[in-house]
Amino acid sequence: TMTYDKFIPAASELGFEYVEIMMPYIAPGNELGREYLSKHKENISTTLESADIDVQVHLPHAVDIAAPSEQIRQAGITELKDCLDVASELDVDKAVIHPTSSARKRTWDDDIVRGWILDSIQELNDYSEECGVELCMENIPRSRFTIADFDQFFAETDCSMTLDIGHARISGHDETQLAEFLKEHHDRVSHVHVNDNKQFIAGNGGQPADDHVPTGSGDTDFAQILEPLVGSEWLGTLSLEVQTQNLDYIAVSKEQFDEMLRNAENAAQVQ
């Protein structure tokens with residue numbers, strides 16, 4: 001596993017402006033992610049400062065904020081508040097959160113569960129503002145909040161959104177639909193996960209898999225999707241999500257994405 005003292009300087013050397021640190025339940029040494037980050041916060045802060053790079057976090061994936069049991073929901077909210085405290089200690093800009101629920105779809109009505117999710121998200125968003133951290137809820141395929149459900153999220157919370165492009169494609173949104181989504185909601189989309197994937201026709205219903213291949217090696221047309229943001233006053237952030245420990249693949253991914261952005265910006269200027 002690549003530790004912070006390696007990936008932070010590496011990200012800086014590759015020209016990234018920030019890193020997005022995962023905050024899983026189990027960190028190296030069988031610790032809670034927030035405990036590990038808190039224990040090493042001084043060294044992490046020093047490493048970030050030395051590398052001249054900013055930091056964001058991804059909150060734990062599996063913390064249940066919409067369980068049928070209110071006691072479990074409140075425990076999940078408390079756990080994530082503790083994570084936000086650690087994020088604040090690290091001077092984190094943004095924290096990504098999943099709308100996680102253990103309520104089974106065949107048992108619990110989607111509208112009820114979405115209500116629990118939104119109540120929890122708003123409470124956590126209010127807390128994150130006190131911590132000085134921007135909370136950004138991510139669209140998750142096959143959940144109660146796929147990209148198709150975010151109109152309710154926008155209407156009923158003040159929370160920002162993390163748009164995961166790969167997740168949106170799995171949920172059936174193509175490049176044209178995603179560009180329209182960003183055109184309409186760019187003011188609420190504060191963060192974007194650049195998650196490339198491929199169309200698998202055989203055995204997967206024609207939908208891409210959530211495989212996070214190196215950026216540019218999939219068949220996602222990021223230029224079309226991000227066109228509403230290119231040359232605009234949008235001040236959000238983008239993370240390249242590539243499932244690899246190989247820094248060469250990360251370097252190629254950044255080169256591919258940077259070239260795409262340059263070409264898109266040049267095309268926008270011509271127009």
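This is a guided tour of the structure, stop by stop, with a selection to make at each one.

The structure is a predicted model, in which local features need pLDDT of at least 70, side-chain atom pairs count only at pLDDT 80 or more, and totals for chains, interfaces and linings use all residues. Residues are numbered from 1 along each chain as its sequence is written, and side-chain values use heavy atoms, with hydrogens and water left out.

**Helix 1**

Select Y4, I8, A10 and A11, the buried residues of helix 1. Helices here are DSSP runs of H or I with at least four residues, strands are runs of E with at least two, and both are numbered from the N terminus. Buried means under 20% relative accessible area, exposed over 50%, and partly exposed in between, with a 1.4 Å probe and protein chains only. Viewed down the axis of helix 1, the buried residues fall within an arc of 165 degrees, so they line one face of the helix; the arc is that of the directions from the helix axis to the C-beta atoms. Now add K6 and E13, which are exposed on the other side of helix 1. Just after helix 1, G15 has a positive phi of about 95 degrees.

**Aromatic pairs**

Rings of Phe, Tyr and Trp (its six-membered ring) pair if their centres lie within 6.5 Å; planes under 30 degrees apart count as stacked, over 60 as edge-to-face and the rest as tilted. By this rule the count comes to 8 aromatic pairs. Select Y4 together with Y36: this pair is edge-to-face, at 6.5 Å centre to centre and 65 degrees between the planes. The pair links distant parts of the chain, with Y4 in helix 1 (residues 4-13) and Y36 in helix 2 (residues 33-39), 32 residues apart. Both Y4 and Y36 are buried.

Move next to F154 and F181, whose ring centres are 6.1 Å apart and whose planes stand at 40 degrees, so the pair is tilted. F154 belongs to helix 6 (residues 150-156) and F181 to helix 8 (residues 175-185), 27 residues apart. Both F154 and F181 are buried. Extend the selection to F145, F150 and F153, which ring pairs link with F154 and F181 into a cluster.

**Helix 3**

Select I44, T47, L48 and A51, which are buried in helix 3 (residues 41-51). These residues cover an arc of only 100 degrees around the axis, which puts them on the same side of helix 3. On the other side of helix 3, E42, E49 and S50 are exposed.

**Loops**

Which residue in the loop between helix 4 and strand 3 should be selected next? That residue is D91, which has a positive phi of about 60 degrees although it is not a glycine. Most residues other than glycine have a negative phi. D91 is exposed, with a relative accessible area of 62%.

Then select R142, in the loop between strand 4 (134-138) and helix 6. Phi of R142 is also positive, near 60 degrees, in a residue other than glycine. R142 is exposed, with a relative accessible area of 67%.

For the final stop, select S102, in the loop between strand 3 (94-97) and helix 5. S102 counts as partly exposed, at 47% relative accessibility. Add S12 and compare positions: the C-alpha atoms of S102 and S12, 90 residues apart along the chain, are separated by 38 Å.
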